[in-house]
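Please look over the sequence and the structure below. A student and a tutor then discuss them in questions and answers.

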Amino acid sequence: MPVPRTAPTEHQLLRDTVRRKIHAAIMDGTLEPGERLNDDELIAWLGVSRTPIREALSQLTRAGLIEMAPNRYTRVTTPKPDEVVEAMQTLGVLFGGVVRLAVPRLTAAARRRIVAQLDRTIAELESHDVASVNRDALDVFGLYVDACGNPDLQRVCRDTMDGLAFRLRLPNLDELIDWDRMTEDFRRLRAATESGDNIAAELATEAIHLLPGEKS
């Protein structure tokens with residue numbers, strides 16, 4: 001029998017719009033870690049009813065960007081030093097596979113774009129610009145996600161990577177991990193991407209994210 005096709009309702013579209021706006025405000029720093037989110041203030045800002053706001057907040061909670069305790073608080077997640085390794089390793093599992101798939105598929109233009117972004121990130125690592133590394137390193141792996149050609153993996157990454165990366169937004173991140181080693185691993189990733197060696201690129205990506213490997 002034919003399967004009915006149902007278009008998104010206005011309610012669903014409102015929820016998704018609200019989620020995107022709150023997500024963007026968290027990622028660009030407009031809403032800061034630990035900041036409490038009040039329904040009435042969100043209603044005034046977003047111009048929608050309480051229901052799509054609560055549903056959007058629930059989705060952002062599942063993504064790791066919001067913390068909720070019923071009848072107590074709804075607030076932006078606060079990164080914690082003891083969660084750094086766990087978050088990085090989870091990203092490494094995802095991004096290692098993404099990079100292995102993406103590198104052989106890169107067009108010349110996409111390869112140049114990724115290498116340029118890697119050069120920017122490596123310069124930020126060398127100068128210990130932690131805030132910029134947090135932003136630009138995620139962006140460069142987002143380029144690999146775009147190029148990997150696997151819709152299921154792309155969907156998983158896009159649903160989870162911002163929340164995981166947000167847990168790394170600590171001003172002293174360079175003191176919590178081996179920063180020099182990570183800088184060198186980014187250089188390895190750049191060289192492997194430029195040469196088209198997807199296995200070496202995958203190993204470098206996993207090393208960046210503190211997964212045990214050939215040098216552990």
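**Cysteines and helices**

Student: How far is the sulfur of Cys 148 from the closest cysteine sulfur?
Tutor: In this predicted model, the closest cysteine sulfur to that of Cys 148 belongs to Cys 157. A disulfide needs two cysteine sulfur atoms within 2.5 Å, and this pair is too far apart for a bond, the distance being 6.7 Å.

Student: How many disulfides does that rule give?
Tutor: Cys 157 is in no disulfide, since the nearest cysteine sulfur, that of Cys 148, lies 6.7 Å away. By the 2.5 Å rule, the count of disulfides is zero.

Student: Is Cys 157 buried or exposed?
Tutor: A residue counts as buried when its relative accessible area is under 20%. Cys 148, with 3% relative accessibility, meets that cut-off, and Cys 157, with 0%, likewise counts as buried.

Student: What span should helix H6 have, given its 18 residues?
Tutor: Helix H6 covers residues 130-147, and the estimate uses 1.5 Å a residue. The end C-alpha atoms of H6 are 26 Å apart, which agrees with the expected span of 26 Å.

Student: How many of the 18 residues of H6 are buried?
Tutor: H6 is largely enclosed by the rest of the structure, and this follows because the buried residues among its 18 number 13.

Student: At what angle do helix H2 and helix H3 pack?
Tutor: Helix H2 (residues 39-46) and helix H3 (residues 50-62) have axes 10 Å apart. Angles of 65 to 115 degrees count as roughly perpendicular, and H2 is therefore roughly perpendicular to H3, the angle being about 110°.

How values were computed
Residues numbered from 1 in each chain as written. Predicted model: local features only at pLDDT ≥ 70, side-chain atom pairs only at ≥ 80, totals over all residues. Heavy atoms only, no water. Helix = DSSP H or I, 4+ residues; strand = E, 2+ residues; numbered from the N terminus. Expected span 1.5 Å × (residues − 1). Buried < 20%, exposed > 50% of the residue type's maximum accessible area, 1.4 Å probe, protein only. Axes fitted to C-alpha atoms, helices over the stretch in contact; angles between N-to-C directions. Parallel < 35°, antiparallel > 145°, perpendicular 65-115°, else oblique.
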